[in-house]
Amino acid sequence: MIYDKKDTEAAKILIVDDVEINRLVLEEIIRNMGCEPLLAENGEKALELAVKCLPKLILSDISMPGMDGFELCKSLKANVKTKEIPVIFISAFDEAEDIVKGLKLGGEDYITKPFITEVVQARVAVHLHLYTVKHELMETNRKLQISVAAQLRQMEEEKKNILYALANIAAKNSGFEQGHMQRLRRNCRILAQGMQLSPKFEDQISDDYIDTIELAACLCDIGNIGIPKDLLRKESNFTQEETEILHSHTEIGAQLLRDLHVNSDYNDFLKISIDISRSHHENWDGSGYPQGLKGEEIPVAAQIVAMMEAYGVLTGEKKHSREEALEIMKADAGRRFHPDIYQICCRISRQFC
């Protein structure tokens with residue numbers, strides 16, 4: 001026996017020839033190998049069967065009326081469903097020109113007539129084995145990719161958990177009340193959803209953007225992890241040097257986030273997180289820090305977080321009502337805050353927590 005039964009057993013093989021006796025001879029050879037022969041008398045019928053049955057191998061005559069073997073091969077290779085099926089050409093002629101043309105079209109091999117049983121079996125066995133090995137390799141690669149992707153997702157989630165832990169420490173060092181960061185995340189999501197309904201912002205804010213800003217908002221002050229706790233808790237009379245140290249938390253946080261190595265699935269999260277950390281103290285009129293960005297130069301995510309952080313402080317530790325907080329913030333619309341975002345904030349403020 002010149003073939004392995006695990007490769008040939010029940011393997012569907014499509015035989016294409018316009019001469020019935022040739023089909024019958026090949027059918028007998030193929031059936032004796034333990035394979036399941038499928039027969040087609042022309043290229044059009046073969047193409048239909050190939051798409052429907054997806055055989056492991058196709059034996060095709062070259063010279064046929066209508067669609068010849070070369071045209072059949074070309075059509076098979078152009079179809080995503082059938083392009084991986086090996087094609088062996090069969091012909092009474094063994095002209096080098098025909099062989100080269102068939103191979104260039106994607107054919108795998110060439111068998112000449114009259115058929116020699118052992119030659120046909122050997123050629124078929126080789127290509128069935130290659131087919132089996134190739135698909136086993138593809139399946140192994142698919143499973144490996146799934147495993148690697150799952151491990152990468154787990155690693156990135158662990159990195160996020162570490163970031164959130166650092167952000168919580170930074171929030172406690174800053175003296176924020178318990179639940180401040182959770183309120184910030186929730187309110188940023190609500191404001192972003194409100195902005196999505198505005199013609200001015202609808203092109204900038206997608207559903208994925210809203211999900212991401214909710215996750216990233218609490219990282220706004222993560223840079224405070226690098227600021228002395230006693231300085232964070234100090235309430236007034238900062239020296240110029242102390243002010244510069246406090247302001248440096250924006251760059252410290254952005255750099256910490258930049259140093260993360262994340263895969264492409266998390267690029268949006270990382271970019272928005274960096275924008276928020278670095279730019280949430282920029283002001284609409286250009287008077288903020290660290291870069292003195294002005295107007296539309298300020299990333300939208302940073303503007304959202306800046307407004308909701310101010311709202312959270314006013315309604316949280318300063319104990320102002322919703323109406324009082326919005327009235328206080330009104331003075332900063334057009335100076336500290338984007339005036340259009342402030343108007344949206346007012347319209348949906350009853351939803352804030």
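**Group meeting: a helix pair and two pockets**

Hi everyone, let's start with a helix contact: Leu326, Glu327, Met329 and Lys330 in α14 meet Tyr342, Cys345 and Cys346 in α15, where contact means heavy atoms within 4.5 Å. Those residues divide into five nonpolar, no polar and two charged; Ala, Val, Leu, Ile, Met, Phe, Trp, Tyr, Cys and Pro count as nonpolar, Asp, Glu, Lys and Arg as charged, and the others, Gly among them, as polar.

A word on the model: it is predicted, so local features need pLDDT of at least 70 and side-chain atom pairs pLDDT 80 or more, while totals for chains, interfaces and linings use all residues. Residues are numbered from 1 along each chain as its sequence is written, and side-chain values use heavy atoms, leaving out hydrogens and water.

Back to our helices (DSSP runs of H or I, at least four residues, numbered from the N terminus). How far apart are the axes of α14 and α15? They lie 11 Å apart, at an angle of about 170°. That makes the pair roughly antiparallel, the word for angles over 145 degrees.

Now the pockets: open sets of points on a 1 Å grid over the protein atoms alone, where a 1.4 Å probe fits, with protein on both sides within 12 Å along at least five of seven lines; lining residues have an atom within 4 Å of a point. The largest holds about 800 Å³ of space. Its lining has 25 residues, with Phe176, His281, Tyr289, Glu309 and Val313 nearest the centre. α13 gives the largest share, four residues.

The second largest pocket has a volume of about 190 Å³, and Phe176 is among its lining residues too.

How values were computed: Points joined across faces, edges and corners; volume = space filled by probe spheres on them. Axes fitted to C-alpha atoms, helices over the stretch in contact; angles between N-to-C directions. Parallel < 35°, antiparallel > 145°, perpendicular 65-115°, else oblique.
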